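Good morning, everyone, and thank you for making room for me in the meeting. I would like to walk through one chain with you, slowly enough that we can find each part on the screen together.

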Amino acid sequence: MSLASWFRWNEPPNRISQRNPTEMVVETLMMELSWQIKQAEKQQRERENEYRKIKTGVDYGWLVSYPKQSYDISPGERLQLEDMCTKIHPSYCGPVILRFRQLIAEYEPEVQEVSRLFRSVLQEAVEKIKEEEDAKKLAKQWNTKNKTSLSLTTFKSRSKISPFISDIKTISEDVERGTQPTRRVWSMPEFRNAKDY
């Protein structure tokens, strides 16, 4: 037995992770997919057992041994899903998993449908990420345009205001012209002196 194993200072310190965040997202999402496939397979077996029990009236479930996992997605499809997972930002990993679990609970898909459902959730998340990025770009463009053109707009609007030209009729205009004011159309009654009649 060597003495190096007794002295721990020669070993590098354990770090949490040296991996890229996108690798962690891909691994997490693919682990979730494989777990959901296993769960769907288990539920499918339970449904088949219930159907057999109802059909035959006898429960032989204790005699049957099942393989660990009989369904696996194809390598090409796995690569496509991993590629889609790389487009998911780490902050969206949790919401993607929650949405996937929600759809699994809602639809209770067959084993073969789980990967398609996962793909649709990933596509939905990628579209949402693109929409948010586009909205941020538009907001940034709008803010930069607004800052530069705001001074020009205020300058132009100041030059257009003329206090001497107005289309609003006032009482003073009627008095200056010597004309009778028009009858009121407000909801309150009009009070006049008796000599006006």
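I will begin with the overall make-up of the chain, then turn to the helix pairs, and end with a few single residues.

Please keep in mind throughout that what you see is a predicted model. The chain contains 5 helices and 0 strands, and if you read along the sequence you meet the pattern α-α-α-α-α. Of the 197 residues in the chain, 19% are buried. If we take the contacts with a separation of 6 or more, 76% of them are between residues 24 or more positions apart.

Let us look at helix H1, which covers residues 21–56. How far apart should its ends be? With 36 residues, and at 1.5 Å a residue, H1 should span 52 Å, and because its end C-alpha atoms are in fact 52 Å apart in the model, the expectation and the model agree. After H1 comes Gly57, which has a positive phi, near 85°.

Which residues of H1 are buried? They are Val25, Val26, Leu29, Met30, Glu32, Leu33, Gln36, Ile37, Ala40, Glu41, Gln44 and Arg45, and I would ask you to remember a few of these names, since some of them return in the helix contacts.

Now to the pairs. In general, two packed helices are described by the angle between their axes and by the distance between those axes. Helix H1 packs with helix H2, residues 75–86, at an angle of about 130°, and the two axes are 9 Å apart. That angle makes H1 oblique to H2, and their crossing is right-handed. On the H1 side, the residues that take part are Thr22, Val25, Val26, Leu29, Met30 and Leu33, and they meet Arg78, Leu81, Glu82, Cys85 and Thr86 in H2. Sorted by class, this contact has 7 nonpolar, 2 polar and 2 charged residues.

The pairing of H1 with H3 has an angle of about 10°, with the axes 10 Å apart. Because angles under 35 degrees count as roughly parallel, H1 is described as roughly parallel to H3, and here too we find a right-handed crossing. In this contact Val25, Thr28, Leu29, Glu32, Leu33 and Gln36 of H1 meet Cys93, Val96, Ile97, Phe100, Arg101 and Ile104 of H3. The residues of this contact divide into 8 nonpolar, 2 polar and 2 charged.

Let me pick out Gln36 from helix H1. Is Gln36 buried or exposed? Its relative accessible area is 5%, so Gln36 is buried. Leaving aside residues up to four places away in sequence, Gln36 touches Phe100, Arg101, Ile104 and Val114.

A second residue to find is Val126, which sits in helix H4 and, at 13% relative accessibility, counts as buried. With the same sequence neighbours left out, Val126 touches Met84, Lys87 and Ile88. From Val126 to Val96 the C-alpha to C-alpha distance is 10.0 Å, while the two are 30 residues apart in sequence.

My last stop is Glu108, in the loop between helix H3 (93–107) and helix H4 (111–160). Glu108 is not a glycine, and yet it has a positive phi of about 45°. With a relative accessible area of 47%, Glu108 is partly exposed.

Thank you for listening, and please do ask me to go back to any part.

How values were computed
Residues are numbered from 1 along each chain as its sequence is written. This is a predicted model: local features need pLDDT of at least 70, side-chain atom pairs count only at pLDDT 80 or more; totals for chains, interfaces and linings use all residues. Side-chain values use heavy atoms; hydrogens and water are left out. Axes are lines fitted to C-alpha atoms, for helices over the stretch in contact, and angles run from 0 to 180 degrees between N-to-C directions. Helices (H or I, at least four residues) and strands (E, at least two) are DSSP runs, numbered from the N terminus. Angles under 35 degrees count as roughly parallel, over 145 as roughly antiparallel, 65 to 115 as roughly perpendicular and the rest as oblique. A crossing is left-handed if the near helix is turned anticlockwise from the far one by less than a right angle, and right-handed if clockwise. Contact means heavy atoms within 4.5 Å. Ala, Val, Leu, Ile, Met, Phe, Trp, Tyr, Cys and Pro count as nonpolar, Asp, Glu, Lys and Arg as charged, and the others, Gly among them, as polar. The expected span of a helix is 1.5 Å times one less than its number of residues. Buried means under 20% relative accessible area, exposed over 50%, partly exposed in between (1.4 Å probe, protein chains only).
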